[in-house]
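Hi everyone, thanks for coming. Please have the structure open on your screens while I talk, and stop me whenever something is unclear.

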Amino acid sequence: MTRYGMLINTKKCVGCFACRLACQMRNHLEPEETFIKFHTLEQGEYPSVYAEVVPTQCMHCVDAPCQSVCPTKATYTTDSGVVLVDESRCIGCKYCMAACPYGARVQIEATGVIEKCRFCWDGEDVGNPPSCVGTCISGARTFGDLDDPGSDISREIVSLNARPIAGNLTDSKIFYVR
Amino acid sequence: MVWGPLIAWYLFLAGASAGAFLTAAFVEKKYPDSVKMRVAGRLIAPIFLGIGLIMLMIDAEAGLHNPLRFFFLVMNPGSVMTLGVYFICVFMPVALAEAVLELMHRRVPSWLTWVGIVFAFAVAAYTGFLLGVVQTFPLWNNAILPILFVVSALSAGLAATSMVGLLVDRTRFEHMWLVKKTHVILSAIELVVLFTMLVIVSSGSLEGAASVASLVTGQYAPAFWGGLVLLGLVAPFMIEGYPVFITKKVETSMTSLVVSVIGEAGVLVGGFLLRLLVIMAALPVAFL
């Protein structure tokens, strides 16, 4: 079974925001609508301190909290583990926005629908690769099949000891190297 | 912030609607002669809930543009919101039917009132559980919030109905000791439950403590202390409690009427502010 996931290596990320822009272009978002959010954290101890840039987005959780609270079943998970929103069912009640622990949900101004990262789903399958991965200038993002032990992402998760951003919150399919 | 004043209005109106329905049932049982107050409660219930539901639809923008999507709301029984839709689907028609029967001067069958009583409690409770199950916000995600909302709903419904009783049928209202006592006791219980919730939430997590601090000492402190605690709980407790438990006299003066109206209005303002503040002050759990 294919189970899509992504790895984000913050050690390679330079914080150029190209992924966010590519995502906005690909998903026809307004400038203030972003599926990718950037957090800048102070890390280290004096005198060796640095600013860590951490991009976050929908973590495509297993048993996603946004999906379980959605009253209209607009939010669903594909067989390949991608959490999606069926626009034609969403009433914009924002319950998913409240339930998402990662603040990944965004209200689309034109329609009122609550959207989020969909791994550039085109109606049948994920983007190959999703636009944020394809555009990253430093190769900080890896996308692929978590169930295939030979895939780039599976190998990198092991070799770089990548982990979910907050392991105790949900069963996330985005892995971080920090 | 995910939700705003529109949802606070809805939560308040739905709660007060359930409370008004229960008040009417209570008045019918204990004071069959107080027709005006009973009718008032029966009319307030569907009107408040109706206004609340309109607020809800305005807030749900994608549904507002495509109203047929609202039918999907029954699809996920695992969601508290869907459960609330089920409850409202029973409560609203019952409340409407009782209002129409009252207006036609027909007798309301007691089985209908019993169905309404059960679903009025369900509606009042669901508004609390709606927020209570959201793990992201510690101020919401606790077992005390639904109880607080139910107590506040009863109190607000009672206040809305009492206000009408006070203004249109005062002599009778001033003799309804059981209603007045219930009201005083509800204010006291709400105060205790609110205090309990804030202490527990504050001790539970950093974000919970920060949320409570913003209410008690932070940016929401004026509304919290002045509006919710003083005007919404302490003042009504004293205003109602003084004649009921201290002087035990039937009030007839104009001054007492004005003071009582302020007390009832205070409960309503407090009931709305409770929901608004709980929505606005909640901070999400940090994940980074």
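**Where the two chains meet**

Across the interface of chain A and chain B there are 15 residue pairs in polar contact, with both partners at pLDDT 80 or more. Before I go on, please keep in mind that this is a predicted model.

Which elements of chain A give two or more residues to the side that touches chain B? They are β2 (37–45), β3 (48–56), α2 (65–69) and α3 (95–99) of chain A. The one that gives the most is α3(A), with four residues. If we sort the residues on this side of chain A by type, we get 19 nonpolar, 10 polar and six charged.

Now let's look at both sides together. Chain A brings 35 residues to the contact, and chain B brings 30 residues. From chain A, the residues that lose the most area to chain B are A:P71, A:I91 and A:Y95, and together they make up 26% of what that side buries.

You may wonder how people put a size on such a surface. The size of an interface is often given as the accessible area lost when the parts come together. Here, the area buried between chain A and chain B is about 2,400 Å². Carbon and sulfur atoms give 62% of that area.

And how many salt bridges does the rule find across this interface? It finds one. To see this salt bridge on your screen, pick the side chains of A:K94 and B:D59, which meet at 3.3 Å, N to O.

**Chain B on its own**

Let's turn to chain B. If you scroll along chain B, you will count 11 helices and zero strands. Read from the N terminus on, every element in the order is an α: α-α-α-α-α-α-α-α-α-α-α.

Why do we call chain B as compact as a globular protein of its length? The globule rule gives 19 Å for 288 residues, and the radius of gyration of chain B is 19 Å, close to that value, so the description fits.

If you would like dimensions, the C-alpha atoms of chain B fill a box of roughly 60 × 45 × 25 Å, taken along the principal axes. As for how its residues are placed, 56% of the 288 residues of chain B count as buried. Take the contacts in chain B between residues at least 6 apart in sequence: 78% of them join residues at least 24 apart.

**Some backbone details in chain A**

Last stop: the loops of chain A. Let's begin with two prolines.

In the loop between β2 and β3 of chain A you will find A:P47. The peptide bond from A:Y46 to A:P47 is cis, with omega near 5°. Another cis bond runs from A:N128 to A:P129, with omega near -10°. A:P129 sits in the loop between β7 (114–115) and α4 (131–135) of chain A.

Then there are two residues with a positive phi that are not glycines. One is A:F17, with phi at about 70°, in the loop between β1 (4–9) and α1 (18–26) of chain A. The other is A:H60, with phi near 45°, in the loop between β3 and α2 of chain A.

Is A:H60 buried or exposed? Its relative accessibility is 0%, so A:H60 counts as buried. A:F17 has 36% relative accessibility, so A:F17 counts as partly exposed.

That's my tour. Thanks for listening, and I'm happy to take questions!

Notes: Residues numbered from 1 in each chain as written. Chains lettered and ligands numbered in written order. Heavy atoms only, no water. Contact = heavy atoms within 4.5 Å. Buried area = accessible area lost by both parts, 1.4 Å probe. Salt bridge = Lys/Arg side-chain N within 4 Å of Asp/Glu carboxyl O. Polar contact = N/O pair within 3.5 Å; in protein donor to acceptor, adjacent residues only side chain to side chain. Nonpolar A, V, L, I, M, F, W, Y, C, P; charged D, E, K, R; others polar. Rg over C-alpha atoms; globule rule 2.2 N^0.38 Å. Buried < 20%, exposed > 50% of the residue type's maximum accessible area, 1.4 Å probe, protein only.
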